Amino acid sequence: MKTFKSLISLLLVLGFFDVSVAAQNPDQRATYIIHMAKSEMPASFEHHTHWYESSLKSVSDSAEILYTYDNVIHGFSTQLTREEAESLEQRPGILSVLPELKYELHTTRSPEFLGLDKSANLFPTSGSASEVIVGVLDTGVWPESKSFDDTGLGPVPSSWKGACETGTNFNASNCNRKLIGARYFARGYEATLGPIDESKESKSPRDDDGHGTHTASTAAGSVVEGASLFGYAAGTARGMATRARVAAYKVCWVGGCFSSDILAAIEQAIDDNVNVLSMSLGGGTSDYYKDSIAIGAFAAMEKGILVSCSAGNAGPSSYSLSNVAPWITTVGAGTLDRDFPAFVSLGNGQNYSGVSLYKGDGLPGKLLPFVYAGNASNATNGNLCMMDTLIPEKVAGKIVMCDRGVNARVQKGAVVKAAGGLGMVLANTEGNGEELVADAHLLPATAVGQKFGDAIKSYLVSDPKPTVTILFEGTKVGVEPSPVVAAFSSRGPNSITPELLKPDMIAPGVNILAGWSGAVGPTGLATDSRRVSFNIISGTSMSCPHVSGLAALLKAAHPEWSPAAIRSALMTTAYVSYKNGQKLQDIATGKASTPFDHGAGHVNPVSALNPGLVYDLTVDDYLGFLCALNYTASQINSLARRKFTCDASKRYSLADFNYPSFAVNIETAQSSSGSSVLKYTRSLTNVGPPGTYKVFITSSTGPGVKISVEPATLSFTQANEKKSYTVTFTVSSMPSNTNSFAHLEWSDGKYIVGSPIAISWN
């Protein structure tokens, strides 16, 4: 089935969250990714690249190939008019012609919080640990960062096949034994938006944004003593895998991250022999055979590379996840036990807690006039402190209260400062609830939650001469409860495959300290002239590299483990309760979080090192998954680069896909018409000592759903032994809620192998 017209229609209907395809004039050229059926190459061509060039010339005399792909897909990318694209799709051997998509970035205390400081001796410290290579697809790297100091590291691993590319402000000597490779990919970006303005961004691996340096140093940064942001979060900064090597692949630019460049980078990373790929970027949702990240990740998985991706920052809305393919490890965000309190002190004597990373000239030691931005503007959205919306005469010499939303939090402060304001109180609205994200504001400022914001607004309205000041308290640790699920962290259910529970897990993603670019200030604003070595930022972009680094640690300890085994170890040992027994909380609701929020739970790397049992998956299992989705041979070929036909005599079932979690979907009509029975089969592989495991189920599904497991005991006598079990869900009535949850655990008294269960009524 031809896909070009149907994909365009789908994109228009879905209105992708943060992935976009440009509207195209029929005569205007746009970038397309062409998937070829390599096995159908005519014998008259000596090499597949000659066939690609011939196919392209058959529809366009002037079009040139941007990239040729062989690892991630069989095919190439080029610029075509719409008519040329439609004509090319009719040519023999063409599987699909897909328009370029633009992806966006999903924008220290972590080692201590995760227990790595006290358990470092459990993980490999040399040898295998320094042989693992983490590839990071992002905005590049700032090589001068102390996080990439190679002191104490041995020679570059012999397995490494990569390079250190030169370009604007970057040469081969910028790499070392820590940062062993750096490349950049801009052909797709330049084809769409024109040549890179090298006065504004470096046409090289150099990071002018900060995001890529932050994610790379989070995953595998070296130990740096005395790190902080303006004295906040002071201490020793270190990545998750301090002895792993880093390879940076710059795919994101001022104008975004383009799919042709992303595919080319994954292609190269596979050839370079990375062991883990970390991608803190993504977009909306589309079928796996149309999603460049999913396509590239499939090829990486086949080569034994674990791919970790951010879940997205579109929470707390349901169905807001990105990167949901089963061969991708999908990571949501939680908080640390650290905060940066800054109190709002009102003229009526009331104090309200907020957070801030402001460092600079303090406020006068007295109460100051206080004004609500909505009352100091002629704009209908004046309360948001957008550019040029505040009236200077009503703001000068005062502290201004702004509402969160639309423009960047730090930009609101810059707007207040430009209008003559002395400080800012930033209030959450309903969309953000009580979630507080600290920022290095350009003026004295603090952020408060919705409840406190409403109380402060009531004071502003009721007092004829309101006054206020802000009290900055520095860094506080030991905050409880922690972690809690971040409100911005994208949530399930999985909109592409509801039978697959996502996200897989959560990891620290709020107020994370890590390395930063020397080309930009901590706010990222052009007006911010400050320069820092470390910055504190938040997002699932920050939680993703935590898991990438932890995966590198597990790969070093267990080099024979598959990507699925590593993910399983992280999932089945994740925790869903605090030490006091209470369930993890969701800051968006103030209530217990669910598997649609936290997946299997919060990562616990010390336990993941020795999980006892794992749920493993092979390439054949993933192909069976695609068959269970009723993918056509052409669609599977586009994704898996092979001529594969599902066996018509075989029953493919998503219920038997060997994932470490369960997503059970029940049709309402089915359950209301009488009892229904659903069976799910899984297989466990022993990676620990011999043992006998018993099953335990905790459930909040109510009397209408009975969960049973057969057999209830599994005995393992040797390593790598496999045993299967079946979970039966007997549904007699629909509960009051459309979603309910349970937890399945296998335990031998030492190891606990846990799996979340989400049950949904459709």
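The following exchange concerns two helices and a cavity in a predicted model.

Trainee: What makes helix α16 largely enclosed by the rest of the structure?

Mentor: A residue is called buried when its relative accessible area is under 20%, and 7 of the 10 residues of α16, which spans residues 619-628, are buried, so the helix is largely enclosed by the rest of the structure. The buried residues are Tyr622, Leu623, Gly624, Phe625, Leu626, Cys627 and Ala628, and what covers them includes α8 (292-302), α13 (563-572) and α17 (633-640).

Trainee: How do you know that α8 is mostly covered?

Mentor: Against the cut-off of under 20% relative accessible area, 10 of the 11 residues of α8 are buried, among them Ile293, Gly296, Phe298 and Met301.

Trainee: Why is aspartate 291 said to cap the N-terminal end of α8?

Mentor: A side-chain oxygen of aspartate 291 lies 3.0 Å from the backbone nitrogen of isoleucine 293, and a pair of N or O atoms has to be within 3.5 Å to count as a polar contact, so that distance meets the cut-off. After α8 comes glycine 304, whose phi is positive, near 85°, while α16 is followed by asparagine 630, with a positive phi near 65°.

Trainee: Why is the space lined by Phe625, among other residues, called a cavity?

Mentor: The term applies because a 1.4 Å probe fits at its grid points but cannot get out. This second largest cavity has a volume of about 70 Å³, and its lining includes Thr497, Glu499, Phe625, Tyr680 and Arg682. By class, the lining has 8 nonpolar, 2 polar and 2 charged residues.

Note on methods
Residues numbered from 1 in each chain as written. Predicted model: local features only at pLDDT ≥ 70, side-chain atom pairs only at ≥ 80, totals over all residues. Heavy atoms only, no water. 1 Å grid on protein atoms, 1.4 Å probe; cavity = no way out; pocket = protein on both sides within 12 Å on 5 of 7 lines; lining within 4 Å. Points joined across faces, edges and corners; volume = space filled by probe spheres on them. Nonpolar A, V, L, I, M, F, W, Y, C, P; charged D, E, K, R; others polar. Buried < 20%, exposed > 50% of the residue type's maximum accessible area, 1.4 Å probe, protein only. Helix = DSSP H or I, 4+ residues; strand = E, 2+ residues; numbered from the N terminus. Contact = heavy atoms within 4.5 Å. Polar contact = N/O pair within 3.5 Å; in protein donor to acceptor, adjacent residues only side chain to side chain.
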